[in-house]
Amino acid sequence: MAGVGIKLNRIFNKRSLASSLYGIACSISYTIAPMLVVIGCLLLMFEVLGFDSVGMLERELFSCTILYIFIFALLTSSPFNSVLSKYMADHIYTEEYDDIRPCIFFGLACCLLLAAFLGIPFYLHEYFVGQVPAYYVFTSFMCFLSLALVFCAMIFNSILKAYKSISIYFISGMLTTFLLSLLFRYVLGMSITYSMLLALTIGFLLIAVLEMSHALKYFKNNSFRYRPVAKTFKRYWKLVVANFGYTLGLFAHNFVFWTHPWQLIVVNTYVCNQPYDMATCIAMFTNISASTFFISRVEMHFHEHYADYMNAVIGGKLDTIEKAKNRMFRTLANQLLSLVRLQFCVTIVIFLIANIILPVMGCSGVTMQIYPLMAVGYFMSFLYYSLMLYLYYFNDLSGAAMSSVIFAVVSAAGSFLAMELPVIWYGLGFTLASLAAFTFSYFRLRWIEKRLDHFIFCRGSIIDKGVGKKPPSLVYSR
C-alpha cells in the first residue's frame with residue numbers, strides 16, 4: 001500500500017479544494033469502491049426486477065446463497081493472498097519477471113482447488129438433501145468459484161498499483177451483470193432470483209478475466225519454476241496464519257450465532273441468523289470509512305518517515321538513525337491517534353443517523369438492540385487491522401500471526417459466552433476479540449520500538465543455511 005500513500009501525498013500536497021476532493025475520491029476508489037459497486041448493483045437489481053414480489057422461500061434461498069458465496073470466497077482466498085503478494089513484490093524488486101507467471105498460475109490453482117474442495121460437498125448436499133434444482137446449484141457453485149478468482153486476482157493487480165483499473169473492472173462487471181439480469185428476466189423469461197444469480201456469475205467471471213489479463217500482459221515470459229512458489233508458503237506460513245486468522249475472526253462470531261435458537265435453516269442446507277447478521281452488516285458499514293482514512297491520513301505520512309529511516313540505516317550515522325527512528329514512531333503514534341479521533345467522530349454521526357433512519361425503514365427490534373455494541377466491535381477491529389499492517393511493515397510475522405489467532409479464538413469463544421447474556425450484549429464476543437487483538441498489537445509495536453535495532457541489524461546470518469551434518473563446535477585450539 002505504500003505506493004498508494006506516495007500517490008496520495010502528491011495529490012494532497014497541492015493543498016487546494018479540488019485536489020483534496022480528488023484525493024478523497026482516489027482513497028475511496030482504492031479501498032471500498034469495488035464493494036460499494038457490487039452492493040449498489042444488487043440493490044438496483046432488487047428494485048428493478050421486483051425482488052420483493054418473490055416468495056419467501058425463494059427469496060431466502062437467494063439471500064443465503066449470496067451470503068455464503070461472499071463469506072466463503074473471502075475465506076478460501078485469504079490463506080494465499082499475503083504470501084502471493086510478497087512473492088510477487090520481491091521478484092518484481094529483483095527484476096526476476098519470468099517468475100511472476102508461475103506465481104499467478106500457482107496461486108489461482110491453489111485458490112480454486114481449496115474452493116472446490118470445500119464447495120463440492122456443500123453443493124452436493126444442497127442438491128441431494130435440499131432438493132434444489134441442479135441448474136441453480138451448479139450456477140451457485142460457479143458463482144462461488146468466480147468470486148474466489150476475483151479476490152485472488154485482485155492481489156496481483158494491487159501489487160502493480162492498478163487500483164483505478166480494479167475499480168473500472170468492477171464497474172464494467174456489475175454494469176454487465178445488471179444488463180444481463182434484465183435480459184434473462186424480461187427477454188428469456190427466467191425467474192427473478194435465477195436471473196440475478198446467473199448474471200452475477202457472469203459478471204464476477206468477467207471481472208476475474210479482466211484482472212487476470214491486466215496482470216499477465218506485463219509478464220509475457222514464463223520460467224515454469226513453480227517449486228519456489230510452493231516453498232515460499234512453507235517459509236512464510238505465519239503470513240498464511242495472520243491473513244486467514246483475521247478473515248476468520250471477522251466471521252467466527254456469525255458462525256457461532258448461526259447455532260442460536262433464532263437460526264433460520266433454508267432447504268436443509270443454509271443456516272443463518274437474520275437479526276444478528278443484519279446488525280453485523282450495519283455495524284461494518286458504520287465503520288467502513290476507517291479503511292479510507294487509514295490510506296489517506298496514515299500510510300501516506302508514515303511511509304515517508306519509514307523510507308527516511310531505512311535510508312539512514314543504509315548510509316547514515318548513528319545519531320541520524322536514532323533521529324529517523326524516533327521521528328518514524330512519533331509519526332506512527334500521531335497518525336493512529338488522528339485515525340481514532342476522526343473515525344470516532346464519523347462513527348458517532350453514522351450511528352445517530354442509523355438509529356433515526358433504520359427504524360423508519362423497518363429495521364428495528366432485536367437488530368437495533370445488537371447494533372450498538374457490534375458497532376463498537378467493528379470500530380476496534382478496523383483499528384486493529386491498521387496495527388497489524390504496521391506489524392507487516394516491520395516484518396514481525398510472528399506478532400501478526402499471534403494477534404490474528406487471538407482475534408479468531410476470542411471472537412468464537414466470546415460469542416458462545418455472549419449467547420447466554422441478554423440480547424443487548426450479543427456483540428460482546430466480537431467486541432472483546434477486537435479489543436484483545438488491538439491491545440496485543442499495540443504493545444507488540446511498543447515492544448518492536450524498543451528492540452528495533454535487533455529487528456533491523458540482527459536478522460541476518462554470517463553463513464548460508466543448509467541441510468547436512470552440523471560442523472564441529474570447536475573453532476580454535478591452541
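## Overall composition

Of the 478 residues in the chain, 49% are buried. The model described here is predicted. Its chain contains 17 helices and two strands.

The accessible surface of the chain amounts to about 23600 Å², and carbon and sulfur atoms account for 68% of that area. Among the contacts in the chain with a separation of 6 or more, 80% are made by residues 24 or more positions apart.

## Helix α13

Helix α13 covers residues 318–360, a run of 43 residues. At 1.5 Å a residue, a helix of this length should span 63 Å, and the end C-alpha atoms of α13 are indeed 63 Å apart, so the expected and modelled spans agree. The helix also has a bend of about 30°, located at Ala 354.

## Salt bridges between distant parts of the chain

Side chains of opposite charge can pair when their charged atoms come close. The structure holds five salt bridges, and three of them, formed by Arg 225, Arg 444 and Arg 446, are described in this report.

One salt bridge joins Arg 225 to Asp 99, with 3.0 Å between the closest N and O atoms. This pair links distant parts of the chain, as its two residues are 126 residues apart. Arg 225 belongs to the loop between α8 (192–216) and α9 (227–235), while Asp 99 belongs to the loop between α4 (56–93) and α5 (100–128). The partners fall into separate classes of accessibility. Arg 225 has a relative accessible area of 40% and is therefore partly exposed, since that value lies between the limits of 20% and 50%. Asp 99 has a relative accessible area of 6%, which is under 20%, so Asp 99 is buried.

Another salt bridge is made by the side chains of Arg 444 and Asp 396, at 2.6 Å from N to O. This pair, too, links distant parts of the chain, with their positions 48 residues apart. Arg 444 is in helix α16 (residues 428–450), and Asp 396 is in the loop between α14 (366–393) and α15 (397–418). Arg 444 counts as buried because its relative accessibility is 15%. Asp 396 also counts as buried because its relative accessibility is 2%.

## A salt bridge within helix α16

Helix α16 contains both partners of a further salt bridge, Arg 446 and Glu 449, which are three residues apart, or about one turn of the helix. The closest N and O atoms of this pair are 3.6 Å apart.

Arg 446 has a relative accessibility of 37% and so counts as partly exposed. Glu 449 is likewise partly exposed, with a relative accessible area of 28%.

## A nonpolar patch on the surface

Six residues form a nonpolar patch on the surface: Leu 44, Val 48, Leu 183, Tyr 186, Val 187 and Leu 188. Together they have about 560 Å² of accessible area. Helices α3 (33–49) and α7 (163–187) each supply at least two residues of this patch, and the largest share, three residues, comes from α7.

Leu 183 is one of the patch residues and is placed in helix α7. Its relative accessible area is 35%, so Leu 183 is partly exposed. That value is also over the 30% that a residue needs in order to belong to a patch.

Technical notes:
Residues are numbered from 1 along each chain as its sequence is written. This is a predicted model: local features need pLDDT of at least 70, side-chain atom pairs count only at pLDDT 80 or more; totals for chains, interfaces and linings use all residues. Side-chain values use heavy atoms; hydrogens and water are left out. Helices (H or I, at least four residues) and strands (E, at least two) are DSSP runs, numbered from the N terminus. The expected span of a helix is 1.5 Å times one less than its number of residues. The bend at a residue is the angle between axes fitted to the seven residues ending there and the seven starting there. A salt bridge is a side-chain nitrogen of Lys or Arg within 4 Å of a carboxyl oxygen of Asp or Glu. Buried means under 20% relative accessible area, exposed over 50%, partly exposed in between (1.4 Å probe, protein chains only). Patches are made of residues with over 30% relative accessible area and no salt bridge: like charges are joined within 9 Å, nonpolar side chains (Val, Leu, Ile, Met, Phe, Trp, Tyr) within 5 Å. Accessible areas come from the Shrake-Rupley method with a 1.4 Å probe; for residues, only the protein chains shown count as cover. Contact means heavy atoms within 4.5 Å.
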